[in-house]
Amino acid sequence: MAYEALFNSVVPQPRFLTGQLVMTGGVDELVREGRLNPGPYLARHLGADWGDLDDSDWQSNDTALRTGEDRLFSSYQVEPDLKLWIITEWDRSVTTLLLPDEY
């Protein structure tokens with residue numbers, strides 16, 4: 001299933017580009033079941049809201065955003081038993097939506 005259209009207008013002015021947007025099987029299954037709408041979390045990621053990270057990881061992302069020399073990582077607690085990770089590669093070629101146990 002193509003999800004590109006789902007994310008095309010998520011953020012009017014993203015802080016960085018996603019590159020190719022992909023999701024793991026676990027995220028795909030949750031989306032298909034209607035248990036997860038990743039759009040708001042992707043919007044936060046693209047807006048440089050890194051979610052539920054400690055100050056050190058938040059700072060690392062801010063530095064990576066500024067320099068373009070490292071990946072960007074976000075973590076969002078969707079439900080008490082559901083966490084979504086979003087990782088944009090250092091070269092901004094790919095952004096992956098995944099569950100922690102799929103890393």
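Helices, of at least four residues, and strands, of at least two, are taken here as DSSP runs numbered from the N terminus. With that naming in hand, Ser 75 can be placed in strand S2. The structure described is a predicted model, and the account below moves from its sheet to the helices, the core and a few individual residues.

The sheet is a good place to start. Four strands make up an open sheet with mixed pairing, and their order is S1-S4-S3-S2. S1 and S2 occupy the edges with a single partner strand each, so one side of each has no neighbour in the sheet. From one strand to the next, the twist averages 15°. In general, the strands of a sheet pair through backbone hydrogen bonds, in either a parallel or an antiparallel manner; both arrangements occur here, as the pairing is mixed.

Taking the pairs in turn, strand S2 (residues 72-79) and strand S3 (residues 82-88) are antiparallel and share 7 bridges. These two strands form a hairpin with 2 residues between them. Within this pair, Leu 72 sits opposite Thr 88 of S3. S3 also runs antiparallel to S4, to which it is joined by 4 bridges. Here Ile 86 has Leu 97 of S4 as its bridge partner, and Ile 87 is matched with Thr 96 of S4. The parallel pairing is that of S1 with S4, again built on 4 bridges, with Gln 20 bridged to Val 94 in S4. Of the 5 residues of S4, 4 are buried, so this strand is largely enclosed by the rest of the structure.

The hairpin of S3 and S4 has 5 residues between its strands, and in it Arg 92 adopts a positive phi near 60°. Arg 92 belongs to the loop that runs between S3 and strand S4 (94-98). Is this arginine buried or exposed? With a relative accessibility of 16%, Arg 92 counts as buried, the cut-off being under 20%.

Turning to the helices, helix H3 (residues 39-46) has Gly 39, Tyr 41, Leu 42, His 45 and Leu 46 as its buried residues. Viewed down the axis of H3, these buried residues fall within an arc of 160°, so they line one face of the helix. Just after H3 comes Ala 48, with a positive phi of about 70°. Ala 48 is part of the loop that connects H3 with helix H4 (55-67). Its relative accessibility is 11%, so Ala 48 counts as buried. Like Arg 92, then, it pairs a positive phi in a residue other than glycine with a buried position.

Which residues sit at the heart of the nonpolar interior, in terms of contacts? The largest nonpolar core holds 26 residues, and those with the most contacts inside it are Val 27, Trp 50, Leu 84, Ile 86 and Leu 97. Strand S1 (20-23), helix H2 (25-32), H3, H4, S2, S3 and S4 each contribute at least two residues to this core. S3 provides the largest share, with 5 residues. In soluble globular proteins, nonpolar side chains tend to be buried together.

Trp 50 deserves a closer look. Apart from neighbours within four places in sequence, Trp 50 is in contact with Phe 16, His 45, Trp 58, Asn 61, Asp 62, Leu 65, Leu 72, Phe 73, Ser 74, Ser 75 and Tyr 76. Among these partners is His 45, one of the buried residues of H3. Leu 72 is also on the list, and this is the residue that stands opposite Thr 88.

Ser 75 returns the account to strand S2. At 4% relative accessibility, this serine counts as buried. Leaving out residues up to four places away in sequence, Ser 75 touches Trp 50, Gly 51, Asp 52, Leu 53, Lys 83, Leu 84 and Trp 85. One of these contacts is polar: the side chain of Ser 75 meets the side chain of Trp 85 at 3.3 Å. The C-alpha atoms of Ser 75 and Asp 49 are separated by 9.6 Å, although the two residues lie 26 residues apart along the chain.

Technical notes: Residues are numbered from 1 along each chain as its sequence is written. This is a predicted model: local features need pLDDT of at least 70, side-chain atom pairs count only at pLDDT 80 or more; totals for chains, interfaces and linings use all residues. Side-chain values use heavy atoms; hydrogens and water are left out. Two strands pair if DSSP finds at least two bridges between them. Buried means under 20% relative accessible area, exposed over 50%, partly exposed in between (1.4 Å probe, protein chains only). The arc is that of the directions from the helix axis to the C-beta atoms. Contact means heavy atoms within 4.5 Å. A polar contact is a pair of N or O atoms within 3.5 Å; within protein, one must be able to donate a hydrogen and the other to accept it, and residues adjacent in sequence count only if both atoms are side-chain atoms. A nonpolar core is a set of buried Ala, Val, Leu, Ile, Met, Phe, Trp, Tyr and Cys residues joined through side-chain atoms within 4.5 Å. Axes are lines fitted to C-alpha atoms, for helices over the stretch in contact, and angles run from 0 to 180 degrees between N-to-C directions.
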